[in-house]
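Please walk through this model with me, from the overall form down to single residues. Keep the viewer open as you read.

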Amino acid sequence: MKNLFINNRFFFALIGVGILYVFAFFFPFLMIAGHVVLLLVFLAAMVDYLLLFREKEGVLAQRILPEKLSNGDENPVKVDIKNNYSFKISTKVIDEIPFQFQKRDFLIEKQIESGKNTLFQYILEPKERGEYSFGALNIFASSPLGFVSKRFTFQKDAMLPAYPSFVHLRKYELMALQNEFLLGGIKRIRKLGHTMEFEQIKEYVPGDDIRTINWKATSKTNRLMVNQFQDEKSQRIFMLIDKGRTMKMPFKGLSLLDYSINASMALSHIILKKGDRAGMMTFSKKTENKVSADNKSGQLRRISEALYNIKTDFFESDFNRLYQDVKYSVNQRSLVLLFTNFETLDALNRQMKYLRGIAKNHLLVVVFFKNSELQTLLHKNPESMQEIYDEVIAEKFEFEKKLIIQELRKYGIYSVYTLPENLNVEVINKYLEIKARGIL
């Protein structure tokens, strides 16, 4: 009997019978009518019970889940229900979705014809990485009489991991291809260097580096021959993600850290598609979650796993430790994208010597964020003295951000200053621009 539930229709019918009995005090002939109606209500409820419970598998249902959830994106969850009864049923679907969504009013109602099935979906949008546990899928079926319902339970205790955003990777890939055409007019600079990318053997001319003489080819031709090299076509791109306290600030449900993680996932996909080598590490009190720069098969999966496993207590970030680790672990010149957030010029100046140290050996791009709440104050017509004060303060903070950009530019450090929701597009555009200009 634990799967038997009495519907509101039964109680409404009893209320109607009660009203008949009340009127029977004034009109005695209604007493018999009240007895008859009460008997009919209970008989109908018994018939309804027999109709629903005579079939053990009157309803079959399954929840169709994706392999994993994409953090910050809309993830469809499908439900397929089949009616095995010989009559049309009304169903109420209550899925026990993970507690992280805090959705207490989940209810979907469907009418299903006999022998038919219905397929529908609902949307879940996770706001944090981690494991999401589903409870049971509950289907409450009612016959056309509608006095009682039978509960059917399916698929208890399913678990899904929520990974950094991956559902839009194909879209960003197409966007990168489009931007490549738009940047096609930028002159590419071909530079000769001493990297591992061998180009050709040529005859020595005055000015060539004598260290590149190929003695074997020289002995064969009786002329001085030298090896010629060019910059590696497969360049190294490292993403450094700050997981300190400045990255805890939330916008639209996602923290700046999660925005940076999602952007790193999207950028890694584009980097690998372009044939470059993608690597990453995170830092706070120490550097963690390191993935060496590579473009071998499975590199995107390794980066995805590292991004998924990022955990932090949002301590104060140690840029000195970051500088030391980058110096000793990233040996060749690379494009380094540093995801962090500076709110004031003083905060930047405290870390500037470490940023300059990284920029000395690498091409450094500092990625930091616009405060979208301040942006709304800047574009609002103030109507009171308080709103005027708010706008002045917002302008002060915005001016500080412009000073930060100028200070970085003074030391040859590039920057990306963007709204959190535009981060993916902005960092991909910056990478494509640097690659097109050949300045790495």
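Two strands pair if DSSP finds at least two bridges between them. Helices (H or I, at least four residues) and strands (E, at least two) are themselves DSSP runs, numbered from the N terminus. The model is predicted: local features need pLDDT of at least 70, side-chain atom pairs count only at pLDDT 80 or more, and totals for chains, interfaces and linings use all residues. Residues are numbered from 1 along each chain as its sequence is written, and side-chain values use heavy atoms, with hydrogens and water left out.

Start with strand β4, residues 75-83. Its antiparallel partner β2 (residues 59-64) is joined to it by 6 bridges. Within that pair, Val59 has Asn83 of β4 as its bridge partner. Strand β7 (residues 117-124) also runs antiparallel to β4, with 8 bridges between them. There, Asp80 stands opposite Leu119 of β7.

Which residues of β4 point to the buried face? Asn75, Val77, Val79, Ile81 and Asn83 do. Pro76, Lys78, Asp80 and Lys82 point to the other face and are not buried. Buried here means under 20% relative accessible area; exposed means over 50%, and partly exposed lies in between (1.4 Å probe, protein chains only).

Now step back to the whole chain. The secondary structure comes to 11 helices and 21 strands. The radius of gyration is 33 Å, whereas a compact globule of 440 residues would have one near 22 Å. That radius is taken over C-alpha atoms, and the globule rule is 2.2 Å times the number of residues to the power 0.38. Along the principal axes, the C-alpha atoms fill a box of roughly 125 × 70 × 40 Å.

Of the 440 residues, 46% count as buried. The chain exposes about 24300 Å², and carbon and sulfur atoms supply 55% of that area. Accessible areas come from the Shrake-Rupley method with a 1.4 Å probe; for residues, only the protein chains shown count as cover.

Contacts are next; a contact means heavy atoms within 4.5 Å. Take those in the chain with a separation of 6 or more: residues 24 or more positions apart account for 74% of them.

Charge can be summarised too. The chain has 63 positive and 49 negative charges, and their mean positions are 5 Å apart. Lys and Arg count as positive, Asp and Glu as negative; His and the chain ends are not counted. Each charge is placed at NZ of Lys, CZ of Arg, CG of Asp or CD of Glu.

Turn to another sheet. It is open and mixed, with 3 strands in the order β3-β11-β8. Strands β3 (69-70) and β8 (130-134) stand at the edges, each with a single partner strand, so one side of each is left without a neighbour in the sheet. Strand β11 (residues 158-163) runs antiparallel to β8, and 5 bridges join the two. One of the positions to find is Gly130, whose bridge partner in β11 is Ala162.

Helix α5 covers residues 256-273 and holds Asp258. Is Asp258 buried or exposed? Asp258 is buried, at 7% relative accessible area. Leaving aside neighbours within four places in sequence, Asp258 is in contact with Asn71, Lys127, Glu128 and Arg129.

Met265 is found in α5 as well. Met265 is buried, with a relative accessible area of 4%. Not counting residues up to four places away in sequence, Met265 touches Pro164, Ser165, Phe166, Leu169, Leu300, Ser304 and Leu307. Leu363 lies 98 residues from Met265 along the chain, and their C-alpha atoms are separated by 20 Å.

Glu421 sits in the loop between β21 (414-418) and α11 (423-437). Glu421 is partly exposed, at 35% relative accessible area. Its contacts, leaving aside neighbours within four places in sequence, are Lys252 and Tyr259. The C-alpha atoms of Glu421 and Ser165 are separated by 12 Å, with these positions 256 residues apart along the chain.

Finish with backbone angles. Most residues other than glycine have a negative phi. Gln102 has a positive phi of about 50° although it is not a glycine. Gln102 is found in the loop between β5 (89-95) and β6 (108-112) and counts as partly exposed at 49% relative accessibility. Asn289, also not a glycine, has a positive phi of about 50°. Asn289 lies in strand β18, residues 287-294.
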